[in-house]
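Visitor: Hi, I'm new to this one. Can you walk me through it?
Guide: Sure, let's look at it together.

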Amino acid sequence: MMILVSMVVLLLWCGRVAYAQESVVLIANPSAPIGDMTRETVRAIFAMRQRTLPGGEAAHVFVLPDKHPLHERFTKEILGVYPHQLRLSWDRLVFSGTGQAPNEVGSVEEMRQRVASTPGGLGYLEKGAVDDSVSVLAVE
């Protein structure tokens, strides 16, 4: 019985560790001195309503396709909206001629590369996929 309880506790602990490593983080090009951002600012930038970063630099937003699991998690966990709500806001801007949709990338690796190589680049990754080529920003 004690062995069974120990195994269950170990499995639960491992699951929490794996989940913690898979948390979604906001990333930026390291050249931009952004610092932490509020959820409202991040939401405005990713909804393409705010076109500059807090430091005044032009924002270049990168997103994964709407159905990508990481994109779905980012919109729900960080932005607090569903992916289709974000898509509707982009479509309104594009169809009205008042704005544009963000840059869509095809993979997590492309996301990291494009944000790292674009001044003002902003995107998201799983925490475990972050390397020194990008900066992680806290969302307050």
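Guide: What follows is a short chat about the sheet, one helix and one loop residue. Keep in mind that this is a predicted model.

Visitor: Start with the sheet. How many strands form it, and in what order?
Guide: The open sheet has 5 strands, in the order 3-2-4-1-5. Its pairing is mixed.

Visitor: Which strands are at the edges?
Guide: Strand 3 (103–104) and strand 5 (135–137). Each of them pairs on one side only.

Visitor: And what does strand 1 pair with in strand 4's direction, parallel or antiparallel?
Guide: Antiparallel. Strand 1 and strand 4, residues 121–126, pair over 5 bridges. Val25 has Leu125 as its bridge partner there. For Leu26, the partner in strand 4 is Tyr124.

Visitor: How many bridges join strand 1 to strand 5?
Guide: 3 bridges, and those two strands also run antiparallel. Ile27 stands opposite Val136 of strand 5.

Visitor: What holds paired strands together in general?
Guide: Backbone hydrogen bonds, whether the strands are parallel or antiparallel.

Visitor: Why is strand 1 said to be largely enclosed?
Guide: Because 5 of its 5 residues are buried. Both faces are covered. Val24, Leu26 and Ala28 are buried on one side, and Val25 and Ile27 on the other.

Visitor: New topic: helix 2. Which of its residues are buried?
Guide: Thr41, Val42, Ala44, Ile45 and Phe46.

Visitor: What covers them?
Guide: The cover includes strand 1, strand 2 (60–63) and strand 4. Helix 3 (69–79) and helix 4 (83–96) are also part of the cover.

Visitor: What comes after helix 2?
Guide: Met48 follows helix 2, and its phi is positive, near 70°.

Visitor: Now Pro30. Where does it lie?
Guide: Pro30 is in the loop between strand 1 (24–28) and helix 2 (39–46).

Visitor: Why does Pro30 count as partly exposed?
Guide: Because its relative accessibility is 43%. Buried means under 20% and exposed means over 50%, so that value falls in between.

Visitor: What does Pro30 touch?
Guide: Leaving out residues up to four places away in sequence, Pro30 touches Ser133, Val134 and Ser135.

Visitor: And how far apart are Pro30 and Ser117?
Guide: In sequence, they are 87 residues apart. In space, Pro30 and Ser117 are 9.3 Å apart, C-alpha to C-alpha.

Technical notes: Residues numbered from 1 in each chain as written. Predicted model: local features only at pLDDT ≥ 70, side-chain atom pairs only at ≥ 80, totals over all residues. Heavy atoms only, no water. Helix = DSSP H or I, 4+ residues; strand = E, 2+ residues; numbered from the N terminus. Buried < 20%, exposed > 50% of the residue type's maximum accessible area, 1.4 Å probe, protein only. Contact = heavy atoms within 4.5 Å. Pairing = 2+ DSSP bridges.
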